[in-house]
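Colleague: Got a minute to go through this one with me?

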Amino acid sequence: MSALPDSLRSKVGQRVIVAVLLAVALLFPLAFDPLATQMDVAIFVLAYVMMALGLNIVVGFAGLLDLGYVAFYAIGAYTIGWLASDHFTGLGGEKGLHVLVSDFVQNSFGIHVNFFLVLLAAVVVAAVLGALIGLPTLRLRGDYIAIVTLAFGEIIGRIALNGDEITFGEQQLTNGQQAISPVDQPFIPLVNYEFDSAFNLRPYYWTGIVLLCFTLFVNFRLRDSRLGRAWIALREDEVAAASMGVPLVRTKLLAYAAGAGLGGIAGAFLGSYNNAINSNQFQFSFSIFVLAMVILGGMGSIWGVTAGALALAVIDRYLIPEVFDDLPSKVGLDFQLTQLSFGIFGFLLVLIMVLRPEGLFPERRRKMELTEGVGTDESVFEARG
Amino acid sequence: MTPLLEVTGVSKVFGGLIAVNDVSFQIPPKSIVSLIGPNGAGKTTFFNTLTGLYKPSTGTIAFDGTEITAMRPDRVLASGMARTFQNIRLFSTMSARENVMVGQHARMSGGLFGSVVRTPKVRAEEKRVHEKAAEMLELVGLSKSQFDQTAINLAYGDQRRVEIARALASDPLLLLLDEPTAGMNPEESARLTRFMTRLRDERGLTILLIEHDMKVVMNVSERITVLDHGEKIAEGDPATVRADERVIEAYLGKAAHE
């Protein structure tokens, strides 16, 4: 009985901390001008944290190294690009196709679906593609999985880049580097409110907070579920997991699908905010960047990954380009700090690997795996489809 | 009585090595059968073939009236055949209870959507599985204070017990135990022997075990099958097998004076 109040207290303590964090996050924009750089940075940071949490399901929970996560950013972004812009001018005849959009958009050509419905579509499309991309990796293990996912990330990137050459009649698939732009701003039909990034970034920020909370919620729920246990089981010992009734193919594909779905939401959100879907946004380095967030924070640890992503995203979008960019010139050197950003990230990662290989806030299990060498998996299995 | 498990002419070949050679045998329901043989006789390979980890090169395996030859391991478990491993394969960073909860995976239905939304059905299922895990751990003799300990921190004998609990949690008809008494002291072995009999008598389980401890084998099994170099060399009740020339030869070697 004596353990009960303690655990209760710590649970209450945790809730208080979360409530305070949420309050700070929600009130944050009030400290800045609605169009401040900090607001722009914060919106990107929120999207990056979401992506890191999505990747955390694949890499952290299920232990499937994914080097092509940028694919789901791209898929989410193109989903909104296709469903909420003038891109498909030819479709829907003269009038175009409109679902729950503002009067402003009502009269434009192409497909225009409400932002929030597009988010749903992005989850579904990304999740399905995530599972499809997962399929060829199922017979592989460890590093080989990473190579296949890397290739798929590149394939999606190339399709985005060269999509202006892929045409259906007059219609291009993507606009490549010309970008699909502009993209509709989010619109809330019931209260008839349309976001406008030219005047106020706060609504985007708050939408980002809501989406991030959803992403966190999904992470926690999945971690403490039948699936979450199955992921850990197959990460630690595939043979034992399969022998205990965990269907490997299905369980892995669900991890890919869940991770991809969350990446898709973040991608659609960012696509809408960027107001342009440009193939240059989907580089291999972005996959590594998101993976670095997961590793820095501590694979599998939800709060760790959140913190890691927050730290790297703030460094990438704010500290290097906004705060310290002219530091070298101040000390008489002839370059900008942004030119060094990859070097800085590399250095940070090496530093983490040396000082804290398990990440900033490691998950208990991952820490054990690293320090005690448990969870090694010998293969007894015969590969099969 | 129709056998619960019927293995017909099963072989398993790795490259040029015949690990299991044309083995046929049957297990009647509610019996305890032992599989013995010298090291490298192919016992574990045979287990792996039964449970779907290996595809048999030839032969068929029928279990509880259906053919399960080359079925996926998770399907084999779902059909009612659960196993333990020779070198314990618990999920080491999970607690004892979580390990046993994974054992019930096949008896649960919560998917991606249900887990996120935590529907009433999923909630009830989680509760049921949580309680059943405790029940199974209690059954194998773990104390309550050990339930939430990390598996790797448990004593060796307790880890074996958790592995058995994990297998039992899937409500199997047939339990395959791969050297369950390895590393146990005589008293622990005797307790496990009694436990196996109890499982059979009270829960109607059928048990197939690989075992090196002859005291356990002779005490507990109704029938014994002996493998040597992948071939079945003898079969029968303990007294018959004990007296069998070929078995003695396989274990001790041929007499030198021949």
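Modeller: We can take the chain contact, then a sheet.

Modeller: This is a predicted model, where local features need pLDDT of at least 70, side-chain atom pairs count only at pLDDT 80 or more, and totals for chains, interfaces and linings use all residues. Residues are numbered from 1 along each chain as its sequence is written, with chains lettered from A and ligands numbered from 1 in the order in which they are written.

Colleague: How many residues of chain A are in contact with chain B?

Modeller: 30 residues of chain A contact 31 residues of chain B, contact being C-beta atoms, placed from the backbone, within 7 Å.

Colleague: Which element gives the largest share on the chain A side?

Modeller: That is α8(A), with seven residues. Helices here are DSSP runs (H or I, at least four residues) and strands likewise (E, at least two), numbered from the N terminus.

Colleague: OK, the sheet. What is the strand order in chain B?

Modeller: β6-β7-β8-β3-β9-β10, an open sheet of six strands with mixed pairing; strands pair if DSSP finds at least two bridges between them.

Colleague: Why do β6 and β10 of chain B have one side without a neighbour?

Modeller: β6 (81-83) and β10 (231-236) of chain B are at the edges and have a single partner strand each, so one side of each lacks a neighbour in the sheet.

Colleague: And how do β9 and β10 of chain B run?

Modeller: Antiparallel, with five bridges joining β9 (residues 223-228) of chain B to β10(B). B:Asp228 is opposite B:Glu231 in β10(B).

Note on methods
Two residues are in contact if their C-beta atoms, placed from the backbone, lie within 7 Å.
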